[in-house]
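Q: Please take a close look at any cavity in this structure, and explain what forms its lining.

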Amino acid sequence: MSLEQLNANSFEKIIYDNAESCLVIFSRKSCHVCKEVVPVLEELQLQYRDRVGFYYVDVEEDKNLSQRFSLKGVPQILFFKDGEYQAKLAGAVDEDKVIEKIAEVLES
């Protein structure tokens with residue numbers, strides 16, 4: 001995965017302290033749907049390089065983070081802007097849905 005992995009400490013720093021516009025996919029290595037969604041995000045990451053951060057959290061390694069957001073199942077993509085949770089996409093999402101949600105978050 002070329003998406004930067006976050007743990008509890010780096011999550012706090014990037015999401016809340018730096019308050020950058022970003023998305024975080026909560027996934028699991030053994031999840032087949034996650035394996036389909038992550039390459040879509042990796043491709044989009046290049047298009048949004050200077051405007052949106054792309055990260056991932058492995059729910060098996062950082063259970064507390066997924067519990068904190070009451071996430072049920074993976075993959076789940078959470079969107080943040082200015083240190084605040086903005087939106088979520090769940091399950092097998094395509095590129096268009098992600099682009100649409102990024103636009104909504106950047107415009108809000």
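A: A cavity is a set of points on a 1 Å grid over the protein atoms alone where a 1.4 Å probe fits but cannot get out, and its lining residues have an atom within 4 Å of a point. The model is predicted, so local features need pLDDT of at least 70 and side-chain atom pairs count only at pLDDT 80 or more, while totals for chains, interfaces and linings use all residues. Residues are numbered from 1 along each chain as its sequence is written, and side-chain values use heavy atoms, without hydrogens and water.

The whole structure holds 1 cavity of 30 Å³ or more. The largest cavity encloses about 40 Å³ of space, a volume being the space filled by probe spheres set on the points, which are joined across faces, edges and corners. Its lining consists of S21, C22, L23, V52, F79, F80, I102, V105 and L106. Two or more of these residues come from each of strand 2 (22-27), strand 4 (76-81) and helix 4 (95-107). Helices (H or I, at least four residues) and strands (E, at least two) are DSSP runs, numbered from the N terminus. Helix 4 contributes the most to this lining, with 3 residues.

By class, the lining has 8 nonpolar residues, 1 polar residue and no charged residues. Here Ala, Val, Leu, Ile, Met, Phe, Trp, Tyr, Cys and Pro count as nonpolar, Asp, Glu, Lys and Arg as charged, and the others, Gly among them, as polar.

Technical notes:
1 Å grid on protein atoms, 1.4 Å probe; cavity = no way out; pocket = protein on both sides within 12 Å on 5 of 7 lines; lining within 4 Å.
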